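Morning, everyone. Please have a look at the sequence and the fold before I start.

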Amino acid sequence: MFSVALSLSLLQFCFFLSWLLIGLKTVLPTMASGDDSPIFEDDESPPYSMERMLDLVAVWDVALSDGVHKIEFEHGTTTGKRVVYVDGKEKIRREWMFKLVGKETFCVGASDTKATINIDAISGFAYEYTLEVNGKSLKKYMESRSRTTNTWVLHLDGEDVRVVLEKDTMDVWCNGKKMETAGEFVDDGTETHFSVGDHDCYIKAVSSGRRKEGIIHTLIVDNREIPEALE
């Protein structure tokens with residue numbers, strides 16, 4: 001009787017061992033991939049982690065001469081964590097902050113434009129986040145910028161092209177790059193010439209004849225006038 005029970009126990013043990021080896025054979029390739037999560041053929045993981053999505057409290061788009069920059073701010077209201085991203089790149093990270101309100105200052109764009117995120121308590125655990133650019137609220141900065149710059153957006157050689165003229169310096173930017181230009185006086189004003197690829201471009205400046213409007217700037221590409229874009 002004892003030998004029969006022992007034989008059954010050994011048989012059960014062998015069966016369990018075989019089952020365990022089969023299971024390990026199935027699991028080991030997944031573990032070797034270096035990923036703790038299951039691998040799916042059509043896996044489309046979100047670009048943000050769950051923690052980042054929960055702590056992401058504000059996103060701003062800031063149009064500068066070298067391009068439109070995306071600013072993201074994470075604020076952990078329990079730990080005080082603060083993280084600032086500019087165009088997806090981390091600029092500031094503070095993991096633990098006892099003071100939940102305050103400000104974070106950093107630079108944006110090729111010209112190192114100064115930007116500040118203000119964190120203010122509204123009531124209880126509610127917070128307000130505002131962005132300042134060059135010491136002005138984002139709204140006032142964009143209003144001021146619209147008076148000192150002109151922007152055109154067009155399609156050339158299958159690509160979107162963004163041209164910006166800084167009227168105070170007459171600098172011309174194209175897709176984030178400051179262009180080499182040549183100025184020329186003409187009968188009714190001035191022309192600022194530059195090239196985008198194989199395309200001849202110039203910005204013509206003529207007087208409007210009215211004090212409020214001042215100088216009118218027009219972009220000409222391959223002898224075609226480009227309408228101005230509003231940002």
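I will go from the whole chain to one sheet, then to single residues.

First, the ground rules. This is a predicted model, where local features need pLDDT of at least 70, side-chain atom pairs count only at pLDDT 80 or more, and totals for chains, interfaces and linings use all residues. Residues are numbered from 1 along each chain as its sequence is written, and side-chain values use heavy atoms, with hydrogens and water left out.

Now the overview. The protein chain has three helices and 17 strands. Those are DSSP runs numbered from the N terminus, with helices (H or I) of at least four residues and strands (E) of at least two. The chain has 231 residues, and 33% of them count as buried. Buried means under 20% relative accessible area, exposed means over 50%, and partly exposed is in between, with a 1.4 Å probe and protein chains only. About 15900 Å² of the protein chain is exposed, and carbon and sulfur atoms supply 56% of that. Accessible areas come from the Shrake-Rupley method with a 1.4 Å probe; for residues, only the protein chains shown count as cover. Next, contacts, meaning heavy atoms within 4.5 Å. Take those between residues at least 6 apart in sequence: 28% join residues at least 24 apart.

On to the sheet. Four strands make an open sheet, in the order E5-E6-E7-E8, with antiparallel pairing. Strands E5 (102–108) and E8 (136–137) are at the edges with a single partner strand each, so one side of each has no neighbour in the sheet. Two strands pair if DSSP finds at least two bridges between them. E5 and E6 (residues 113–123) run antiparallel and are joined by seven bridges. One pair to find on screen: Lys103 has Asn118 in E6 as its bridge partner.

Next, two buried strand residues. Leu154 sits in strand E9, residues 149–156. Why does Leu154 count as buried? Because its relative accessibility is 8%. Beyond residues up to four places away in sequence, Leu154 touches Glu159, Asp160, Val161, Val163, Leu219, Val221 and Ile226. Leu154 and Glu228 are 74 residues apart in sequence, and their C-alpha atoms are 9.5 Å apart in space.

Thr192 is in strand E14, residues 189–196. Thr192 is buried too, with a relative accessible area of 8%. Leaving aside neighbours within four places in sequence, its contacts include Met170, Val172, Cys201 and Tyr202.

Cysteines now. How many disulfides does a search of the whole structure find? Zero. A disulfide here is a pair of cysteine sulfur atoms within 2.5 Å. For Cys174, the closest cysteine sulfur is in Cys201, 7.4 Å away, and that is too far for a bond. Cys174 is buried, at 9% relative accessible area. Cys107 counts as partly exposed, at 33% relative accessibility.

Last, two backbone oddities. Asp87 is not a glycine, although it has a positive phi of about 55°. Asp87 lies in the loop between strand E3 (82–86) and strand E4 (89–94). At 41% relative accessibility, Asp87 is partly exposed.

Asn175 is not a glycine either, and its phi is positive, about 50°. Where is Asn175 placed? In the loop between strand E11 (171–174) and strand E12 (177–178). Asn175 is partly exposed, with a relative accessible area of 46%.

That is the tour. Questions, please.
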